[in-house]
Amino acid sequence: MPLSTLTLFNLCCNSIMETVVHKLPSFKLLNPTSSSSHYCSSATTTRTSKSFRIGSRRRSFSISASASAVRQDNPALGSVSLGHITRPDFPILHQEVNGSRLVYLDNAATSQKPTAVLNALQNYYEAYNSNVHRGIHYLSARATDEYELARKKVAAFINASDSREIVFTKNATEAINLVAYSWGLSNLKPEDEVILTIAEHHSAIVPWQLVAQKTGAILKFASLNQDEAPDVDNLRQMFSRKTKIVVVHHVSNTLASVLPIEEIVLWAHDVGAKVLVDACQSVPHMVVNVQSLNVDFLVASSHKMCGPTGVGFLYGKSELLSAMPPFLGGGEMISDVFLDHSTYAEPPSRFEAGTPAIGEAIGLGAAIDYLSRLGMQKIHDYEIELAKYLYESLLSVPNIHVYGPAPSENVDRAALCSFNIENIHPTDIATFLDQQHGVAIRSGHHCAQPLHRHLGVNASARASLHFYNTKEDVDDFIQALNDTVNFFNSFK
Amino acid sequence: MVSGPTITTLSLSSSSSSSFLFGFSSLKFSQRTRLKFIDNVNERKFTFAPLKCIRVSGFDSCSASTATEAPLAPSSELVSDKLHRLATEFRALHEPIDRVKRLLHYAAILPPADESRTRAPENRVTGCTTQVWVEAELDESGRVRFRADSDSEISKGFCSCLICVLDGADPEEVAMVKADDLSDLNVGLHGKSHSRVNTWHNVLVAMQKRTKALLPQHPQMLQPVLHTCTFSRQLQFHLLCMLHM
């Protein structure tokens, strides 16, 4: 049939173009408006000379002066860096905001999506949108195949042993609630202990507060050490035979610190406790291998890893998921339904009630393909360099305090920095940066109020990077930040 | 060119260079603050010269008369007038950054608050990403006097604008102001996007709540506004979710 042939042709073009593009980045740059490629023609971006970043064969035209001389000679951050090479894949970055080039530094809040993901979503709705799992007809079979293929991609991405260990949810928050209500309600008894750190995201804390209220369990929080990183020794000392589950982040969205998950899992399993890892800030930025970490549960959100919003996932070991009662009830998660009772499906279906975010899960699969082609280790290595550059550049701003541990040989920081500048409110900083310089950062408590309370502040500003950011983005940010500081100081 | 209503609380006078003076009869207002209005041919454009800074060339600056003892006029048209002037002033600033700067000027003219009093927990305005405190009390004439403070200069600017409009008003007038009336004062937004409206709205609602609390014997007149506030609170909740990701 002509329609499906054309669609298949487009799909082939997409995958070939993507493969070719990433092997030969200059190909894409020399033929940015090739109409034979669905991939390229959909990238309709307005590029001014100020905003267009060219990689590979030409030096980048950076109008902003470098504010810091540190690491200018670092080849990892030079004009052929991963950031320069991948930027053209992200149409949204090529725009002006309030008269300045957009500098998007709010990736810890959400990431941008490459054209490949946008195409996958569009293609799903254009070519084979249909409800999954139950349909007999062609479109439904195709949608089901692609949806389940996306599940396999997620499993492979985090090295789960079986794709049935991946439950698609709305986001990481829902996934944590799933564990809290399904595993927690049936396993926690009065005086059982749930161990967390004070640096946890609200989504990791509040579901357990709700479940602790219902079960009589107690929440305990490990504090920070003098380097403003979670105190791992303190955490370990809290473990006892009363500990039933340990809920911790992998990478902190405020402190940029990284927890030693493998060791924490060993200590937890020693006392018979399970471990749930909030991997929202790690899965998008580094290799995460659930088998080598040996975690019991792990959650992440698609929208932070270049995928669409509306989908996330829970990884759970098979034996744990099999023993867990349903979370949400409805269609899809049942086996047989009678008037007075129902029987339930096996995991993962047991935890996927109702029609899922089909297109979005497929989009997540496309994001995983994109990230895998770049290579997570390559992304991680680049972001470590960028993280150091951001941190050191920020320290050059007077009266600034950057939260979290300093990067060193033993300590890696994620590519984000939360900070405060004396006598200037972070919201005022963020507003001015946006209005005057087109720089997008975040200000507030970053869903970590207990952490901010511990640090003695109400709010902080946060700049967070992803692999498509460049050294020039950091330079522009620092220059804009210095301008902001001067502006507010002149009003005092 | 002087135009507009003559209002006994405010001393409006013109000089040969058509600059206007605007004096507040506010009990807490600093006597050293000077404000000028400069009339443009087509639209009113207000510039403010707070303590430290800006001289606008070509215009004489006159000292303000801060008539703290001047009797308060009937203020029934005053609040809506002030709101209108404020909206016009901000609407005339086409560059968002100029609105930020204007807010900072307003912040500078906000009467300094007694931190230990104003920053009490019960005065805290909930829902803002910055810390904002608002106090209200009735003076001898039954008008509402406000004090506000914030740890953010821009939020202080918002408070200062609202106090310019509402300080010294009748409680009923305070209750009648709607969040929509403030939409023209948006800072840093394209079109009618809502994130900063949140702060305006929160502070306005706080002012109205505190005003209501001063009048326990007249809850009915404020009921319709509370319905508006409830609906707006839903919007506010959604905005908060957006802001507090």
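Q: How many residues does each chain, B and A, give to the contact?
A: Chain B gives 22 residues and chain A gives 20 residues. Contact means heavy atoms within 4.5 Å. This is a predicted model, where local features need pLDDT of at least 70, side-chain atom pairs count only at pLDDT 80 or more, and totals for chains, interfaces and linings use all residues. Residues are numbered from 1 along each chain as its sequence is written, chains are lettered from A and ligands numbered from 1 in the order in which they are written, and side-chain values use heavy atoms, with hydrogens and water left out.

Q: What area is buried between chain B and chain A?
A: About 1,900 Å². Carbon and sulfur atoms give 57% of that. Buried area is the accessible area (1.4 Å probe) that two parts lose on being put together, summed over both.

Q: Which elements of chain B give two or more residues to the side that touches chain A?
A: Helix 2 (96-109), helix 4 (153-166) and helix 7 (223-243) of chain B. Helices (H or I, at least four residues) and strands (E, at least two) are DSSP runs, numbered from the N terminus. Helix 2 of chain B gives the largest share, six residues.

Q: How many salt bridges cross the interface of chain B and chain A?
A: The rule finds zero. It asks for a side-chain nitrogen of Lys or Arg within 4 Å of a carboxyl oxygen of Asp or Glu.

Q: New topic. What is the order of the seven strands in the open sheet of chain A?
A: The order is 4-10-9-8-7-5-6, with mixed pairing. Two strands pair if DSSP finds at least two bridges between them. Strand 4 (166-169) and strand 6 (218-222) of chain A are the edge strands, and each pairs on one side only.

Q: How do strand 7 and strand 8 of chain A run, parallel or antiparallel?
A: Strand 7 (residues 243-249) and strand 8 (residues 274-278) of chain A run parallel, joined by five bridges. A:Val247 stands opposite A:Leu276 in strand 8.

Q: Which strands does helix 8 of chain A touch?
A: Helix 8 (residues 202-215) packs on the sheet and touches strand 5 (193-197), strand 6, strand 7 and strand 8 of chain A. Its direction makes about 150 degrees with that of strand 6 of chain A. Axes are lines fitted to C-alpha atoms, for helices over the stretch in contact, and angles run from 0 to 180 degrees between N-to-C directions.

Q: And what is the pairing in the four-strand sheet of chain A?
A: Antiparallel, in the order 13-14-17-16. A:Ser443 stands opposite A:Ala461 in strand 17 of chain A.
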